[in-house]
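The following exchange examines how certain descriptive terms are justified. Each reply sets a value against its criterion and then concludes.

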Amino acid sequence: GVAKSAMSATTQEAGGGAVMSQQEVQARVQKLQTPFVGQANALFRKNLAFQWTKKCSICCLVVVPIIFLVLVLMLQLLIEVLFLGKNVVRCPYCGPSDDDYGKSYCKGGD
């Protein structure tokens, strides 16, 4: 009888039905916890090692947005020089100042 009950208790612990006290659980949890800094460091090192093999994709991720930014800035400069660099006084309602219809409209004519 005693050997049988000891055997069933061991089987119950091995089968996942082990009964642990609250203190034992807390001690085990404290032992298994990793601080945030340690987890962040491990994750950073893993990602760095993984991305290091993909140097071309990292280069493209950095260079392509810079190229597009330079192209947009050059296009903006070109538009400003070609179209907006002229000294044309514009009435917001009447159009350019050298327009005869605009002058008459702004003065209250037809």
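Q: Why is Ile-67 called partly exposed?
A: In this predicted model, Ile-67 has a relative accessibility of 45%. Buried means under 20% and exposed means over 50%, so a value of 45% places Ile-67 in between, as partly exposed.

Q: Where does Ile-67 lie?
A: Ile-67 belongs to helix H4, which covers residues 55-82.

Q: What makes up the nonpolar surface patch of about 1000 Å²?
A: The patch is formed by Ile-58, Leu-61, Val-62, Val-63, Val-64, Ile-66, Ile-67, Phe-68, Val-70, Leu-71 and Met-74. A patch residue must have over 30% relative accessible area; Ile-67, at 45%, therefore meets that requirement.

Q: How do you know that Cys-56 is in no disulfide?
A: A search of the whole structure finds zero disulfides. For Cys-56, the nearest cysteine sulfur is that of Cys-60, 4.4 Å away. A disulfide requires two cysteine sulfur atoms within 2.5 Å, so the pair does not qualify.

Q: Why is Cys-56 called exposed?
A: Its relative accessible area is 60%. The term applies over 50%, and Cys-56 is therefore exposed.

Q: What makes the sulfur of Cys-59 too far for a bond?
A: The closest cysteine sulfur, in Cys-60, is 5.7 Å from that of Cys-59. The limit is 2.5 Å, so this pair is not a disulfide.

Q: Why is Cys-59 called partly exposed?
A: Cys-59 has a relative accessible area of 45%, which lies between the 20% and 50% limits and therefore counts as partly exposed.

Key: Residues numbered from 1 in each chain as written. Predicted model: local features only at pLDDT ≥ 70, side-chain atom pairs only at ≥ 80, totals over all residues. Heavy atoms only, no water. Patch = residues over 30% accessible without salt bridge, like charges linked within 9 Å, V, L, I, M, F, W, Y side chains within 5 Å. Areas by Shrake-Rupley, 256 points an atom, 1.4 Å probe, with all protein chains shown as cover. Salt bridge = Lys/Arg side-chain N within 4 Å of Asp/Glu carboxyl O. Helix = DSSP H or I, 4+ residues; strand = E, 2+ residues; numbered from the N terminus. Buried < 20%, exposed > 50% of the residue type's maximum accessible area, 1.4 Å probe, protein only.
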